[in-house]
Amino acid sequence: MANSPKDAGLEARQKLGWWRAYRFLILRRLSQLSIILMFLSGPFWNVWILKGNYSGSLLLDTVPMTDPLMMAEVLATGYLPEWTSIIGALIIVAIYALVATKAFCSWVCPMNMVTDTAAWLRRKLGIRSTAKISRNLRYGILAMILVGSAVTGSLLWEWINPVAALGRSFVFGLGATLWLVLIIFLFDLLVVEHGWCGHLCPIGATYALIGSKSVIKVNVVDRSRCDNCMDCYNVCPEPQVLRKPLHGKAEDSTIVLANDCITCGRCIDVCPENVFAFGTRFEKQVPVKNI
C-alpha cells in the first residue's frame, strides 16, 4: 500500500533507525556545506582552500577547476581560453565522467539545498497539482545557451547562473541574488515539482551527458522486496529513472543507468525494505521475476 508523500521516510525511520533513514542526505549536506566553507576560508580566515566560485576555482592555489558548461560557452564564442582553464575543465570532466552520474548536482551544488527544501515543503503541505513541462527542456536550454554564446560572442549563462550567484552570496551577502534564488524556490514549490533541477537546469544537463557512463550507480538489490510503498518515488527528484529497474520486465537491468539519476541516495535512505544500494554499472545481473 502506498504511503502518503508527507510521510516519506517515516517507515524507514521506524524500522531501520534515524541515521539509516537520513545517512546519505546528511552526508550530502556535509559535502555541500564543506565546499562552501572552503570558499569562505580565504575571505574570512585568510586560509585559501578554494579561491573563486562554482564557475571557476583554484584548489590550494594549485589545482584549477572549471565548470564544463562555462568552458563550452567560451569555446562556442570562438575565444581560446587560458590553458589553466582548459586543464581545470578536463579535470572536472574526468572526475564526474568516472565517479557518478550528476554527482555535482546532489553532492556539490548549493542550489540543491534550496530545491530540496522546496520539495520537502511540497510533501509536507500536500502540494501535488502542478504544471507539466518536458524534462528534456533542460537539454534544449543547454543547446540554446551554446548557440546564443556563439552568436553573441558572450557567456550568456554566466549572466544569470544561479549556482555561481548563490555561491558568491555566501561571501558577499545575498543582495540582488536573493530574487533569483527565491524565484527558483517558489517555482519548485508552487509551479512544477522538482522544476529547476529536474526540468530546466542546463548545468545538470551538462553533467548528465558527462556522467552517462560513470561507474557508481544505484542498484535494485531485489525487486521482490518492494512493497510498493512509493516512498522512493516521492523523494526522488527524478522518479522516472526508477521505473524500469524497479518495476520493469524480467530482462530489464536492475541498475539505474538513466543519465538523469543524480546519485543522491535518497531512495536508499527511505526504503524500509532495503531494496536499493549503491553499486557499480558492472554489477552482475541476477535474473529477476516481476512483482
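Which residue forms a salt bridge with arginine 266? Here are some notes on this predicted model, starting with that pair.

1. **A pair within one helix.** The partner of arginine 266 is aspartate 269, and their closest N and O atoms are 3.2 Å apart. Both residues belong to helix H14 (residues 266–270), and because they are three residues apart there, about one helical turn separates them. Arginine 266 is buried, and so is aspartate 269. Elsewhere, salt bridges that share partners join Lys102, Arg135, Arg138, Glu238 and Asp260 into one network.

2. **A pair between two helices.** The count of salt bridges comes to eleven, and one of them joins arginine 28 to aspartate 116, with 3.4 Å between the closest N and O atoms. Arginine 28 sits in helix H2 (residues 18–45) and aspartate 116 in helix H6 (residues 111–125), so this contact ties together parts that are 88 residues apart in sequence. As for cover, arginine 28 is buried at 2% relative accessibility, while aspartate 116 is partly exposed at 22%. As general background, side chains of opposite charge can pair when their charged atoms come close.

3. **The sheet.** Three strands make an open, antiparallel sheet in the order S1-S2-S3. Strand S1 (50–52) and strand S3 (63–66) are the edges, each pairing on one side only. On average, neighbouring strands are turned by 25° against each other, direction ignored.

4. **How the strands connect.** S1 and S2 are joined by three bridges and form a hairpin with three residues between them; here leucine 50 stands opposite leucine 59. Strand S2 (residues 56–59) is joined to S3 by four bridges. Along that pairing, glycine 56 faces threonine 66, and serine 57 has methionine 65 as its bridge partner. The hairpin of S2 and S3 also has three residues between its strands, and leucine 60 takes a positive phi near 55° there.

5. **A salt bridge at the sheet.** Lysine 51 pairs with aspartate 61, the closest N and O atoms being 3.0 Å apart. Lysine 51 belongs to strand S1, whereas aspartate 61 lies in the loop between S2 and S3, ten residues apart. Lysine 51 is partly exposed at 35% relative accessibility, and aspartate 61 is partly exposed at 46%.

6. **Cysteines.** If you are wondering about disulfides, a search of the whole structure finds zero. Why is cysteine 197 not bonded to cysteine 201? Cysteine 201 holds the closest cysteine sulfur, but that atom is 6.0 Å from the sulfur of cysteine 197, too far for a bond. Cysteine 236 has its closest cysteine sulfur in cysteine 264, at 6.0 Å, again too far for a bond. With 24% relative accessibility, cysteine 197 is partly exposed; cysteine 236 is buried, at 11%.

7. **Nonpolar residues at the surface.** Leu178, Leu182, Leu186, Leu190 and Val191 form a nonpolar surface patch with about 390 Å² of accessible area together. Leucine 182 has its place in helix H9 (residues 177–191) and is partly exposed, with a relative accessible area of 41%. For a residue that counts as exposed, look at valine 147, at 52%. Valine 147 is in helix H7 (residues 137–152), and its C-alpha is 7.3 Å from that of alanine 76, although the two are 71 residues apart in sequence.

Key
Residues are numbered from 1 along each chain as its sequence is written. This is a predicted model: local features need pLDDT of at least 70, side-chain atom pairs count only at pLDDT 80 or more; totals for chains, interfaces and linings use all residues. Side-chain values use heavy atoms; hydrogens and water are left out. Two strands pair if DSSP finds at least two bridges between them. Axes are lines fitted to C-alpha atoms, for helices over the stretch in contact, and angles run from 0 to 180 degrees between N-to-C directions. A disulfide is a pair of cysteine sulfur atoms within 2.5 Å. Buried means under 20% relative accessible area, exposed over 50%, partly exposed in between (1.4 Å probe, protein chains only). Patches are made of residues with over 30% relative accessible area and no salt bridge: like charges are joined within 9 Å, nonpolar side chains (Val, Leu, Ile, Met, Phe, Trp, Tyr) within 5 Å. Accessible areas come from the Shrake-Rupley method with a 1.4 Å probe; for residues, only the protein chains shown count as cover. A salt bridge is a side-chain nitrogen of Lys or Arg within 4 Å of a carboxyl oxygen of Asp or Glu.
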